[in-house]
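Work through the exercises below with the sequence and the model open. Try each task before reading its solution.

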Amino acid sequence: MKGTLFLLLLACSALTAAQQSPPEGPPGNAVASAQPLATEAGMEVLRQGGNAFDAAVAISAVLGVVEPYGSGFGGGGFWLLHRQADGRQVMIDGRERAPALAHARMYRDADDAIIRTASINGPLAAAIPGMVAGLVYLAEQYGRLPLKRTLAAAIKHAREGFVVTPRYQRLMAFRRDVVAGYPEAAGIFLQDGAVPALGYRIRQPDLANTISAIAEHGREGFYAGEVARLLVKGALDNGGNWSLEDLADYRIVEREPIVTHYRGIRVVSAPPPSSGGIVLAQALQMLALFDLDTMTTVQKKHHIIEAMRRAYRDRAVFLGDPDFITVPTERLLNTDYLQGLAMTIDSQRATSSERIGDTPGISQAGAETTHFSVLDSEGNRVAATLSINLPFGAGFVAPGTGVLFNNEMDDFSAKPQTPNAYGLVGDQANAIAPGKRPLSSMTPTFLESANAVGILGTPGGSRIISMVLLGTLEFAAGRPPRDWVSVRRYHHQYLPDKVSYEQHGLSDYEVQGLQALGHTLQERGWRYGNMQAILWSWDENNNTLEAASDPRGEGKAMVDK
């Protein structure tokens with residue numbers, strides 16, 4: 001076998017250690033989100049007697065107002081839940097769905113070439129949103145408070161506005177030309193056609209009215225009636241293909257999370273149509289077979305990169321919407337299969353991706369998206385990752401609604417073995433079909449050991465899974481949340497066959513060492529990711545609650561004891 005297998009793990013019986021919560025529960029509430037206004041809204045709901053699920057509604061809604069580059073009411077997401085009273089764990093799938101008129105060739109020209117901008121810009125790039133359905137479902141099935149209370153902060157911030165920050169400016173500069181092409185969006189998110197100045201206030205009165213309709217009428221306030229009519233009219237008038245039936249037919253799906261174990265830690269994460277949980281589980285199970293703690297930093301990173309390479313390859317080949325294809329989850333997480341993959345890792349040399357597949361790939365721009373984590377004093381918890389895909393989604397707002405459309409249709413495989421905007425490749429498993437949900441990389445995750453619970457996730461497109469993997473390894477090493485969110489990041493996604501790493505993500509020693517092992521490296525000109533994390537830990541004498549927000553972002557973590 002190539003590499004040094006960590007045989008001490010043997011049958012992995014220790015990996016199934018049960019979580020043992022302290023009888024009194026957490027010592028307070030904790031919220032970590034990518035935007036201070038959202039964190040404060042979630043905490044206020046908790047103080048008003050709401051539970052973690054009510055707080056999740058409030059946080060999601062405020063993020064959809066004040067982070068238009070990351071999520072929104074025209075997008076979707078995944079909410080991973082743990083209900084303490086009965087231990088129920090479930091993922092609320094609010095992923096967008098392809099319209100009924102979508103088809104496999106809709107982004108190809110007569111010569112079968114991809115029309116790249118068609119799946120990225122404008123309403124034709126938009127799938128049917130699941131965000132609002134997710135919020136209503138959370139409130140009705142798991143929350144305690146009415147939507148009028150949990151959506152109040154979002155309505156306020158939409159009406160009164162929020163101020164432009166450096167992050168807003170940077171991401172708008174990336175999408176300005178697209179947003180400028182749609183008058184409704186330009187009038188909201190630009191300042192006289194330009195990227196707004198710092199401190200400029202973005203007001204969204206139409207969106208405030210739309211959220212008010214949701215607060216008053218629930219899902220009917222968005223998926224039917226005047227708001228739905230305006231959404232469809234805006235789409236059709238601008239080249240889109242939505243229908244009123246598409247909106248009326250949207251439904252939330254409850255899905256069983258992916259569960260794996262890593263050195264005494266129970267890892268609970270997102271199932272398909274997210275690839276996050278399976279890819280994370282595969283990488284962790286491969287790495288559990290190696291004694292990473294005794295390796296040099298170069299050797300450790302080499303093995304982590306090689307595990308990423310193999311797990312992302314399976315993502316490209318096998319994963320898609322489980323309502324449309326059979327995802328071979330049992331096979332992909334089979335111990336013998338993963339031991340076999342681990343055996344192909346050469347401790348002295350990088351494996352060429354061509355040796356495990358020859359699907360072409362390219363590297364493109366990074367994603368935004370958003371994430372939050374919340375834990376209430378009863379022990380209920382939520383890890384949620386929300387998205388409209390590229391910053392500011394499709395760049396289009398339906399007149400009269402304030403709703404910014406997503407461009408999640410680009411997350412489908414528009415043509416087999418052809419990369420999307422994030423360089424991720426796919427095949428028939430993720431082909432476009434009416435009503436289908438595109439494959440995602442969003443990875444909201446719970447980490448459970450005998451004396452601790454971790455809650456984490458991050459935006460970052462194709463790099464989400466590798467970031468959560470690195471955060472999980474920090475948790476496994478016993479480090480606090482501030483280390484999970486600030487750890488230096490590197491990434492391999494099978495294709496393109498290169499290790500990308502954030503600015504200063506690898507030391508000169510590590511760069512030289514990895515290159516000597518045959519890795520091709522590419523440093524990004526920026527630091528990426530925006531992880532939001534919570535740790536609840538205990539022993540015989542202590543019951544501790546910590547939260548951390550990624551220093552790369554503008555978020556806020558709060559603990560209220």
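**Exercise 1. A strand and its faces**

Which residues of β12 lie on one side and which on the other, and are they buried or exposed?

Solution. First, the ground rules. This is a predicted model, where local features need pLDDT of at least 70, side-chain atom pairs count only at pLDDT 80 or more, and totals for chains, interfaces and linings use all residues. Residues are numbered from 1 along each chain as its sequence is written, and side-chain values use heavy atoms, with hydrogens and water left out.

Step 1. Locate strand β12 at residues 452–456. Strands here are DSSP runs of E, at least two residues long, and helices are runs of H or I, at least four; both are numbered from the N terminus.

Step 2. Recall the general pattern. In a regular strand, side chains alternate between the two faces of the sheet.

Step 3. Assign the faces. Ala452, Gly454 and Leu456 are on one side; Val453 and Ile455 are on the other. Both faces are covered, and these residues are all buried. Buried means under 20% relative accessible area (1.4 Å probe, protein chains only). The count is five of five residues.

**Exercise 2. The neighbours of β12**

Find the strands that β12 pairs with, and give a bridge partner in each.

Solution. Pairing requires at least two DSSP bridges between two strands.

Step 1. Take β11, residues 445–449. Five bridges join β11 to β12, and the two run antiparallel. Phe446 has Ile455 as its bridge partner in β12. β11 and β12 form a hairpin, with two residues between them.

Step 2. Take β16, residues 532–538. Four bridges join β12 to β16, again antiparallel. Ala452 has Ser537 as its bridge partner in β16.

**Exercise 3. Two helices in contact**

Describe how α13 and α18 cross, and list the residues that meet.

Solution. Step 1. Set the geometry. The axes of α13 (residues 297–318) and α18 (residues 508–516) come within 9 Å and cross at roughly 60°. Axes are lines fitted to C-alpha atoms, for helices over the stretch in contact; angles run from 0 to 180 degrees between N-to-C directions.

Step 2. Classify. That makes α13 oblique to α18. Oblique is what remains after roughly parallel (under 35 degrees), roughly antiparallel (over 145) and roughly perpendicular (65 to 115).

Step 3. List the contacts (heavy atoms within 4.5 Å). Thr297, Val298, Lys301, His302 and Ile305 in α13 meet Tyr509, Glu510, Gly513 and Leu514 in α18.

Technical notes
Buried < 20%, exposed > 50% of the residue type's maximum accessible area, 1.4 Å probe, protein only.
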